[in-house]
Amino acid sequence: MRVGFGYDVHQLVEGRKLFLGGVEIPHTMGLLGHSDADVLIHAVCDALLGAANLGDIGHLFPDTDDAYKGIDSKILLSKVMDALAEAGYRLGNIDCTLCAQQPKIAPHIPAMRKAMAEAMRCDENAISIKATTTEHLGFVGKEEGMSAYAVALIEAIAPC
Ligand code: MG
């Protein structure tokens, strides 16, 4: 078994849709990025890649590559799962925390778990999503951006 950790931040701006955990969430602002800027999925991707020692999301999907411009991050997550399987690993579980002052995240968590489980081709029970505000402190609290943390456990498909 191996463990990995992921962290990501994206800036909040007006005029962008908000995607979190593979779900579009109604809000007055959205996250800025080369892809759909789904900060939660990006942290999960980095946790999975880290667990398998396969580099990071920026290495696999460079933001200089037009192929990834505006891309649905669920596609990136699915590709990360492909890379994991190719390296001989399967998912144990992931646990992640989204830091956002607004909007309220809790009502969207079931849909986010479902969307991510579909992209990862795993049971929803393998995906834990939590959310917190930062009590109006820092860039998250001032609604300048959102951040996310994730840990992933993976296991070798066959013992080496
Ligand atoms: Mg990112």
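Three protein side chains donate to the magnesium ion: Asp8 through OD, His10 through NE2 and His42 through ND1. Their distances from the ion run from 2.2 to 2.3 Å. The model is predicted. Beyond the metal site, the salt-bridge count comes to five. Three of those bridges are described below: Lys74 with Asp72, Arg90 with Glu155, and Glu118 with Lys114.

**Magnesium site**

- Along the chain, the donors of the magnesium ion show the spacing D-x1-H-x31-H.
- His10 sits in strand 1 (residues 2-13) and His42 in helix 1 (residues 39-51), so this pair ties together parts that lie 32 residues apart in sequence.
- His10 has a relative accessible area of 13%, so it counts as buried, the cut-off being under 20%.
- His42 is buried too, with a relative accessibility of 7%.

**Salt bridge across distant parts of the chain**

- General background: side chains of opposite charge can pair when their charged atoms come close.
- Arg90 and Glu155 form a salt bridge through their side chains, at 3.5 Å from N to O.
- This pair links distant parts of the chain, with Arg90 in strand 5 (residues 89-99) and Glu155 in strand 7 (residues 145-156).
- The separation between Arg90 and Glu155 is 65 residues.
- Arg90 is partly exposed, at 43% relative accessible area.
- Glu155 also falls in the partly exposed class, at 28%.

**Salt bridge within a helix**

- The side chains of Glu118 and Lys114 meet at 3.4 Å, N to O, in a salt bridge.
- Both residues belong to helix 4 (residues 109-120).
- Glu118 and Lys114 are four residues apart, about one turn of the helix.
- Glu118 has a relative accessible area of 56%, so it counts as exposed, the cut-off being over 50%.
- Its partner Lys114 has 45% and is therefore partly exposed, since that class lies between 20% and 50%.

**Salt bridge between Lys74 and Asp72**

- Lys74 and Asp72 pair through their side chains in a salt bridge, with N to O at 3.1 Å.
- Lys74 is partly exposed, with 23% relative accessibility.
- Asp72 is likewise partly exposed, and its relative accessible area is 28%.

**Points to carry forward**

- At the metal, the two histidine donors, His10 and His42, are buried.
- In the helix 4 pair, Glu118 is exposed, whereas Lys114 is partly exposed.
- In the strand-to-strand pair, Arg90 and Glu155 are both partly exposed.

Note on methods
Residues are numbered from 1 along each chain as its sequence is written. This is a predicted model: local features need pLDDT of at least 70, side-chain atom pairs count only at pLDDT 80 or more; totals for chains, interfaces and linings use all residues. Side-chain values use heavy atoms; hydrogens and water are left out. Donors are N, O and S atoms within 2.8 Å of the metal (3.2 Å for Na, K and Ca); water is not among the atoms, so sites may look incomplete. Helices (H or I, at least four residues) and strands (E, at least two) are DSSP runs, numbered from the N terminus. Buried means under 20% relative accessible area, exposed over 50%, partly exposed in between (1.4 Å probe, protein chains only). A salt bridge is a side-chain nitrogen of Lys or Arg within 4 Å of a carboxyl oxygen of Asp or Glu.
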